[in-house]
Amino acid sequence: MSAARKSPPGAAGIVDRARATLFGVAVGDALGATTEFMTPAEIRERYGVHREIVGGGWLKLSPGQVTDDTEMTLCVARGIVGSGRWSLGPIADRFAQWLSGNPADVGGTCRRGIEEFMEKGQLEAPHDERGAGNGAAMRVAPVAIYALGDEELLSRLAVEQARITHHHPLSDAACVSLGTMIQRGLLGAPPRDLREAAEELAARHPEFRFEKYDGESSGYVVDTLRTVFDAFFSTDCFEECVVRTVNRGGDADTTGSIAGAIAGARYGFDAIPRRWLQALDPDLRGELSALAEALVRKSPLFAGT
Ligand code: MG
Ligand code: MG
């Protein structure tokens with residue numbers, strides 16, 4: 001196993017991990033939506049350990065149904081792939097179209113930002129003290145895949161996509177850090193390189209310190225990332241990382257989808273429990289798969305090859 005890690009995965013391996021990243025968002029969302037807004041004690045009492053995609057939750061979802069976390073991630077991916085290049089307009093257009101369809105769940109900051117775009121065509125929300133929610137971080141995975149091979153490009157694009165709705169330094173920093181971790185996972189980097197990205201974030205913004213974090217798992221991007229990092233770095237497989245995350249309750253669909261993205265990049269497609277994949281809608285599976293491959297092919301690592 002360690003010998004295999006020494007050389008980075010080839011194109012097929014990277015596409016596999018990119019698929020796992022986007023599927024990770026969807027299965028983490030579908031699993032976590034059940035326990036969203038519950039406390040860990042309530043989850044324990046009701047499920048023991050929650051590890052099956054059964055739907056329900058406050059949104060009364062059917063099993064396998066996904067929410068805004070996956071839907072907005074799809075908007076970002078479709079915007080990039082559909083326009084064939086980096087352009088915020090096509091991404092924001094898809095957000096607007098999505099919001100116009102009255103989604104079951106939409107965060108307040110996302111709604112405000114999208115409505116401003118719809119009214120004024122504004123692609124950057126004004127700086128907002130309340131803008132440190134996790135709504136931009138939850139949809140950063142496609143940007144990480146698209147900018148693969150260029151961490152500086154990633155830093156710029158991750159912030160640009162974030163600011164369509166969220167304009168706050170902690171959200172910006174979280175998006176860059178998550179994107180960097182996903183990219184390193186996709187490239188087969190050793191776990192310490194992923195940890196380094198999380199530690200750099202905590203060094204710049206000590207709020208994000210995550211060692212032995214057992215506080216709230218809320219929609220505040222700091223709580224969200226501390227929850228996800230704690231789970232990711234204290235487990236050694238996809239399933240346990242996501243299970244540990246969503247059993248913390250709180251904003252569990254969002255923490256679940258972020259954990260799924262990082263763990264997908266790190267562990268690859270085969271590591272995702274088959275029963276979770278099968279719970280997803282077949283059309284969604286097909287689209288996630290095609291988008292992941294298209295994003296990889298457009299990345300600096302592969303474009304023109
Ligand atoms: Mg959601
Ligand atoms: Mg949520």
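Visitor: How many disulfides does the count come to in this model?

Guide: The count comes to 0 disulfides. Keep in mind that this is a predicted model.

Visitor: How do you know that Cys75 is in no disulfide?

Guide: Look at the sulfurs. A disulfide needs two cysteine sulfur atoms within 2.5 Å. For Cys75, the nearest cysteine sulfur is that of Cys110, 10 Å away, so the pair doesn't meet the 2.5 Å cut-off.

Visitor: And what makes Cys241 miss out on a bond?

Guide: Distance again: the closest cysteine sulfur sits in Cys237, 8.4 Å from the sulfur of Cys241, which is too far for a bond.

Visitor: Why is Cys75 called buried?

Guide: Buried means under 20% relative accessible area. Cys75 comes in at 2%, so it counts as buried. Cys241 has a relative accessible area of 0%, so Cys241 is buried too.

Visitor: What share of the residues in the protein chain is buried?

Guide: Of the 305 residues, 58% are buried.

Visitor: What makes Glu36 a donor to the magnesium ion (ligand 2)?

Guide: For magnesium, a donor atom has to lie within 2.8 Å of the metal. Glu36 (OE), Asp251 (OD), Asp253 (OD) and Thr254 (OG1) coordinate ligand 2 at 2.0 to 2.7 Å, so they pass that cut-off. Along the sequence, the spacing of these donors reads E-x214-D-x1-D-T.

Visitor: Which residue coordinates both magnesium ions, ligand 1 and ligand 2?

Guide: That's Asp253, and the two ions are 3.6 Å apart. Asp253 is buried, as is Thr254.

Visitor: Which residues lie nearest the centre of the largest pocket?

Guide: Gly107, Asn134, Gly219, Asp251 and Thr254, out of 22 lining residues. Two of those names, Asp251 and Thr254, also turn up among the donors to ligand 2. The pocket holds about 300 Å³ of space.

Visitor: What classes of residue make up the lining of the largest pocket?

Guide: The lining has 11 polar, 6 charged and 5 nonpolar residues. Helix α6 (108-120) is among the elements that supply at least two lining residues, along with α4 (68-83) and α13 (252-267). The largest share, 3 residues, comes from α6.

Visitor: How many helices and strands does the protein chain have?

Guide: The protein chain has 15 helices and 0 strands.

Visitor: How do you know that the radius of gyration agrees with a compact globule?

Guide: Set the value against the rule: a compact globule of 305 residues would have a radius near 19 Å, and the protein chain has 17 Å, so the two agree. The C-alpha trace spans about 50 × 50 × 40 Å along its principal axes.

Note on methods: Residues are numbered from 1 along each chain as its sequence is written. Chains are lettered from A and ligands numbered from 1 in the order in which they are written. This is a predicted model: local features need pLDDT of at least 70, side-chain atom pairs count only at pLDDT 80 or more; totals for chains, interfaces and linings use all residues. Side-chain values use heavy atoms; hydrogens and water are left out. Donors are N, O and S atoms within 2.8 Å of the metal (3.2 Å for Na, K and Ca); water is not among the atoms, so sites may look incomplete. Buried means under 20% relative accessible area, exposed over 50%, partly exposed in between (1.4 Å probe, protein chains only). On a 1 Å grid over the protein atoms alone, a cavity is a set of points where a 1.4 Å probe fits but cannot get out, and a pocket is an open set with protein on both sides within 12 Å along at least five of seven lines; lining residues have an atom within 4 Å of a point. Grid points are joined across faces, edges and corners, and a volume is the space filled by probe spheres set on the points. Helices (H or I, at least four residues) and strands (E, at least two) are DSSP runs, numbered from the N terminus. Ala, Val, Leu, Ile, Met, Phe, Trp, Tyr, Cys and Pro count as nonpolar, Asp, Glu, Lys and Arg as charged, and the others, Gly among them, as polar. The radius of gyration is taken over C-alpha atoms; the globule rule is 2.2 Å times the number of residues to the power 0.38.
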